[in-house]
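Visitor: I've got the coordinates open and plenty to ask. Mind if we poke around together?

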Amino acid sequence: MSSAPSTAPSTAPSTTAGRGATPETAPSPTRSADGRPRHLYEVDVLRILTFACVIGVHTTSHTAATDDVGQNALLGLLHFTRLVFFSLTAFVLVYSYDLRPRPMAQFWPKRFLLVGVPYLAWSFVYVAASWLLSPTRRGDVPDLVRTYAEGIVTGVAWYHLYFLLVTMQVYLLLPVLVWIVRRTRGHHVTVLAVAFVVQVVVFAGYKYFPASDAWLHGYQKQFFFSYVFFIVSGAVAADHADRFLRFIRVHRRGVLWGFAATAVGTLGVWTLQVLLGQSLYAAGTPLQPVQVVWSSAVFVGFLAIGARWADRRRPGSWLAKVVDHGSDRSFGIFLSHPFVIWLLLYGDSWLEAHVARPWLTPVTYVLVVVLSVALTEVFRWTPLSVPLTGRPSLASRSQREARARKRAAAAAG
């Protein structure tokens, strides 16, 4: 599910990629021929594809019949989203920081503004909406305040907002991540192997030995240590960004075949768990060992697709504009789409009454995408853009650019 949706696409190369760059440097995945950092358009594609799957997870989980084998199997495959996003978040953070190191006193305020403020705003939107629609709670202001406070502390104001809470934990850990990556250079394979084993053990405990995590009281997904391999692997990949992205390009076909094979294997594990007595939904839960392998395959697979796009991208084309636009709006869509799902399916839903399963799922998905995009576009042009989309208002940006052009014209005259 951040961004990383929470971070803008980086244009900065890693320290490893950027070391020794000169105007004569040959073009690379992270630098142009004149040594300048490239915009990583493959990251834009990774972000968009993963957000599209986030909407797929939430739409399917609300509309699929409990006995629908196909849709529940699909849901099991789509549960990679949060894990891929934590890899992406760490990748973008470390990648950007390597080029432009700055004190945390400068870094944290900006990051927490663009994630923390939307977290507070949307937590209130969801809590207040639920409170207003409840005949037993409506009017009980202390209950509203208490529920809102609990939602902020625990990340349960709505089912997707824990992601922002974990993202802010990763922000706080950035100095530690950078220190680990730099101190272990030359031993990153070992670091990844250890993190992988730890992750498998953690997920195995969550999935197969529920008593082992009883002390978390059901809040497993709200803590960064539940995603240690994905955070560490994203940070390490950022430190080797040039070689990492070059490898994906050179071995694109193999990466995509591996992606497909891992999808088949993940479905095999899902099928086995169903045959052993787990429910169709429980067999595909995200915090289980197979997801460590599957989500890693998705991360590199989506990057391979993105790299192909980046290499063939024609600046100014309508498709390039759509991808750029989608990447910029993706976080706002993430924030608002559960609200759209709620509105479409609330109570005696007209949609559910008139669209039969399994068609309810794709119809709802399309409506959620269209309405969420429209909502986000409206929000982006209002003073509420930061709290509702995590991005500065386009209106204020346009005004600043107009003033800058006016000042330039006056100076020229």
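Visitor: What relative accessibility does Arg357 have, and is Arg357 buried, partly exposed or exposed?
Guide: Quick ground rules: buried is under 20% relative accessible area, exposed is over 50%, and partly exposed is in between, using a 1.4 Å probe and protein chains only. Arg357 counts as partly exposed, because its relative accessibility is 45%.

Visitor: How far can I trust the model, in terms of mean pLDDT?
Guide: This is a predicted model, where local features need pLDDT of at least 70 and side-chain atom pairs count only at 80 or more, while totals for chains, interfaces and linings use all residues. Residues are numbered from 1 along each chain as its sequence is written, and side-chain values use heavy atoms, with hydrogens and water left out. pLDDT is the predictor's confidence in each residue, from 0 to 100. In the protein chain 89% of residues reach 70 or more, and the mean pLDDT is 90.

Visitor: Over which residues does pLDDT stay under 50?
Guide: Where pLDDT is low, the predicted coordinates should not be read in detail. The stretch in question has 100 contacts beyond four places in sequence, a contact being heavy atoms within 4.5 Å. pLDDT stays under 50 over residues 1-24.

Visitor: Back to Arg357: which residue does Arg357 form a salt bridge with?
Guide: A salt bridge here is a side-chain nitrogen of Lys or Arg within 4 Å of a carboxyl oxygen of Asp or Glu. For Arg357, the closest N and O atoms are 3.8 Å apart. The partner is partly exposed, with a relative accessible area of 31%, and is Glu352.

Visitor: And which residue does a cis peptide bond join to Arg357?
Guide: Omega for that bond is about 5 degrees. The partner lies in the loop between helix 14 (350-354) and helix 15 (360-380); helices are DSSP runs of H or I, at least four residues, numbered from the N terminus. That residue is Pro358.

Visitor: How many residues apart in sequence are Asp239 and Arg185?
Guide: These two form a salt bridge, their closest N and O atoms being 2.7 Å apart. Asp239 is buried at 1% relative accessible area, whereas Arg185 is partly exposed at 31%. Asp239 sits in helix 9 and Arg185 in the loop between helix 7 and helix 8, so the pair ties together parts whose separation in sequence is 54 residues.

Visitor: How far apart in sequence are Glu377 and Arg329?
Guide: Their salt bridge has its closest N and O atoms 3.0 Å apart. Glu377 is partly exposed at 24% relative accessible area, while Arg329 is buried at 11%. Glu377 belongs to helix 15 and Arg329 to helix 13, and the pair links distant parts of the chain, with a separation of 48 residues.

Visitor: Are the rings of Phe163 and Phe334 stacked or edge-to-face?
Guide: Rings of Phe, Tyr and Trp (its six-membered ring) pair if their centres lie within 6.5 Å; planes under 30 degrees apart count as stacked, over 60 as edge-to-face and the rest as tilted. Phe163 is buried at 0% relative accessible area, and Phe334 is buried at 1%. Their centres are 5.5 Å apart and their planes at 70 degrees, so the pair is edge-to-face.

Visitor: What about Phe223 and Phe225, stacked or edge-to-face?
Guide: Phe223 is partly exposed at 31% relative accessible area, and Phe225 is partly exposed at 29%. Their ring centres lie 5.2 Å apart with planes at 5 degrees, so the pair is stacked.

Definitions and conventions: Helix = DSSP H or I, 4+ residues; strand = E, 2+ residues; numbered from the N terminus.
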